[in-house]
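Got your viewer open? Take a look around first, and then we'll go through it stop by stop.

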Amino acid sequence: MRNAAIWDLTQDRALAFLVALSLLLTLRIWLGIPVWDAGFEPFNPRTDLPADPGLGNILAPGVILVHQGRDAHYGLPNGSEDFNAVWQGGKTLVQILAATSGVRKEAPQAAEIAQARTEGPSLEFVFDEAYRLSSLAKALGAEAEEADVTVDRLIMLASKTPTVYFRTSPKLEYIAYTVKPEATEVFGLAKKGLSASVPRYAELPKSVGELEVAPGTYAPRDTPQVALLNVQADPTPADGVLSTFFVDLQILRTIVERDGATIYSDGKRGARVYPAGAVEYGQPQLGDPEANKVVAIERAARFAIQHGGLPATACVDKVITGSKTGESSRVQFGFRFSGTPIIGTRGIISVSLNNKGVEAFLRNFRLPIGQSGQYRSVLTPREALASIAGQSAKLFGEVSPGQVVSMELAYLVGAPSDPVEPLKPVWKVEFSSGASLVADAYTGQATRRSAQ
Amino acid sequence: MNWPRARVILLVSFMALDIFLGYVAFGPKLAYGEVTSSEIQRAITRAATAGVIIQAPVPAQVTAVSFLTLEPWPADRLATAQKLLGAGRLTVVQESRELTVWGYEGSLVTSLANGVVIYLPAEKPGATRATDSRSARALVEDFLGPRDLLPTDARLDWVRQTGAESFVVQFRQDYQGVPLFGGYITANIDKGQISRIRLVLFSPKGLSGKKRALVPATDALITAVSAGEGTIERGSAIETIALGYLSEPLDARQWDAYPVWRFGFSNGAFVYVNGYSGVIERFGESR
């Protein structure tokens, strides 16, 4: 009796299995691709690389300078707790813009700006790029009275007469705004206490050798001890990124290059996967460049998010806007690790786009896992500038790069074809002409990055 | 209802059904069926609308194929130059990352990084002269054959006379009987003698990846005549329709050649349609 019941149960289960199997096989034949074997790993972005870091964070300043009077200048590196408390994901800028009355004061003299920095208390937002103020405000959900001003800095002076100064680009001139009396609450941020670990900053000299430095360019005052940064290959599988570009990976033909990189192509579009895991995609198409930097960043970020994701601490490394038909605008993203930018010779994530769409994309992400080797002293900003000045003929030829407008310590990821190896610290130096270079922070050996 | 009996019948039925479905899903997929005669007629009518007459039979069978993996040829560039120049000790005329040029008694061999080899012989008075297509072909075969440079899977593609005692002879590379259109040997004959040989050959390593169904020849035919509308003369004809693999010579370690439908027009033009995507890969290349 018991055996008969077991036999009945076995037959029922076998029948259920055969029915389920017939359904699965029918599904495979109809759809062509079995649901359990799609031929590639499904795209699964890492949890620590969220899909959208938010435009307010991507457009955030690289550093916020806190001027507390005399030579007490502090730098809040992007991503630090003090920085986040001041920036509030962009809310502070929105509040500042709302506080301005829209009435321009008379053009401030250089002495007035210097006073805002030396007497304080004031906050100075140093952006990585110069943005059209109205676009920046719109991206953060605010309104700006000025529509035609491109700015790269904002100083919020919390004195008896609260004032907001914007530095225009590329002329590096200042404009000032009075503040509505009822909207001065945000200015209290300039008087907030800081953590003990916040680094001191100092203004760079007006010139070092033949290099001119724009007034108000600050860099860390003390020479830090820095080690190499150990990294791993991009944990996001290249197949996963590829699957976001091509509907069917199985009809892609491959070319294995002599350096080990593999090109995948469907005949119209191509993607190259480097041995170290970097992915490069291209679909040439003629169009007009995207002239608005903020719009270009927004579009590039959206594209990067859809094709592998952006790191949570993504930041804008460089934006190059094309000037004529046929050129693309290029947005290079970097990201921050413990506040220090990680940048790439061609960007960590780089998107070239025009009004027709995205022409080229590069993802050369490396996952930092900690310091490597011994901590060593790096060149001071002044020493690094002196070294660059000594190489200026080789770096710039006869063409003047303009004034130094920013200088910060970063880690540099090499070319996509380079192997995964510890990253070197570099001084990233930007010039008013748009030229940019990196100098080895240990030796001062400098390399041009790109020119506008 | 007698459930035990019904269950046995269902078990047997579903087992048979699953075996059939398993065979369809995972079994050999050389043929995916055939296009109907009305579809062939529709393609021919479309071609006629574009002013193109179809003289070649339109394949009805819809097949599935894989990519063909290729490696560069030749493996030994110097040895190939030595065979072409017929000498052991050669002079290096030029050398760079992109190319090497060897010379011997006025003859030159250029070997490019992408595997292309070009032979430019010095004029040899008194040598055998080609006077017609047949002797032109024989001249090239007699030159390359003994030097072991005419692959056993090479097939004569076409011979064209360009003037008195001037010919162009092209051999096509095949892989297991399937044309490899990107691979070829083209010999130019002027004044009855070989004046130039261009070798674009590959080392096939075998099929790779899963087999994928190809677009039917009828669809590819419609794509080809549609693309040629306005540029191909009305009244011209498609003389050949062939399925094969296409590849460019590449400076790479290994790559995939992809399946294409090749349509040969009476004016000498070839149109290649990608067998997987159905898009035009090359248009207007003429013999």
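Leaving aside its neighbours within four places in sequence, which residues is A:Ile64 in contact with? Select A:Ile64 and check for yourself: in this predicted model, the partners are A:Leu76, A:Phe83, A:Val86, A:Trp87, A:Leu123, A:Glu124 and A:Phe125.

**Stop 1: the core**

Keep A:Ile64 selected and add A:Met156, A:Ile297 and B:Leu221. These four touch the most other members of the largest nonpolar core, which has 183 residues. Next, colour strand β23 of chain A, residues 404-413: this strand supplies the largest share of that core, 8 residues. Here's a general idea to keep in mind: in soluble globular proteins, nonpolar side chains tend to be buried together.

**Stop 2: all of chain A**

Now zoom out and show chain A by itself. Its C-alpha trace spans about 100 × 55 × 50 Å along the principal axes. Switch to cartoon view and you can go hunting for 10 helices and 26 strands. Of the 452 residues in chain A, 44% are buried. Look, too, at how the chain meets itself: among contacts with a separation of 6 or more, 66% join residues 24 or more positions apart.

**Stop 3: two helices in chain B**

Over to chain B. Select helix α2, residues 37-49, and helix α5, residues 217-228; their axes come within 9 Å and cross at roughly 10 degrees. Because of that angle, α2(B) counts as roughly parallel to α5(B).

Show the side chains where the pair meets. From α2(B) you'll want B:Glu39, B:Ile40, B:Ala43, B:Arg46 and B:Ala47, and from α5(B) B:Thr218, B:Leu221, B:Ile222 and B:Val225. Sort the residues of this contact by type and you get 6 nonpolar, 1 polar and 2 charged. You've already met one of them, B:Leu221, at the core stop.

**Stop 4: the two domains of chain B**

Stay with chain B and give its domains two colours: domain 1 is 27-69 + 206-286, and domain 2 is 74-200. Their C-alpha centres lie 29 Å apart.

How many residues of each domain are in contact with the other? Domain 1 has 14 and domain 2 has 11. On the domain 1 side, the elements giving two or more residues are β13 (237-246) and β14 (254-265) of chain B. Highlight β13(B), which gives the most, with 4 residues. By type, the domain 1 side divides into 9 nonpolar, 2 polar and 3 charged residues.

Conventions:
Residues are numbered from 1 along each chain as its sequence is written. Chains are lettered from A and ligands numbered from 1 in the order in which they are written. This is a predicted model: local features need pLDDT of at least 70, side-chain atom pairs count only at pLDDT 80 or more; totals for chains, interfaces and linings use all residues. Axes are lines fitted to C-alpha atoms, for helices over the stretch in contact, and angles run from 0 to 180 degrees between N-to-C directions. Angles under 35 degrees count as roughly parallel, over 145 as roughly antiparallel, 65 to 115 as roughly perpendicular and the rest as oblique. Two residues are in contact if their C-beta atoms, placed from the backbone, lie within 7 Å. Ala, Val, Leu, Ile, Met, Phe, Trp, Tyr, Cys and Pro count as nonpolar, Asp, Glu, Lys and Arg as charged, and the others, Gly among them, as polar. Domain bounds come from an automatic or database domain assignment. A nonpolar core is a set of buried Ala, Val, Leu, Ile, Met, Phe, Trp, Tyr and Cys residues joined through C-beta atoms within 7 Å. A residue is buried if 20 or more other C-beta atoms lie within 10 Å of its own, exposed if 12 or fewer, and partly exposed in between; C-beta atoms are placed from the backbone.
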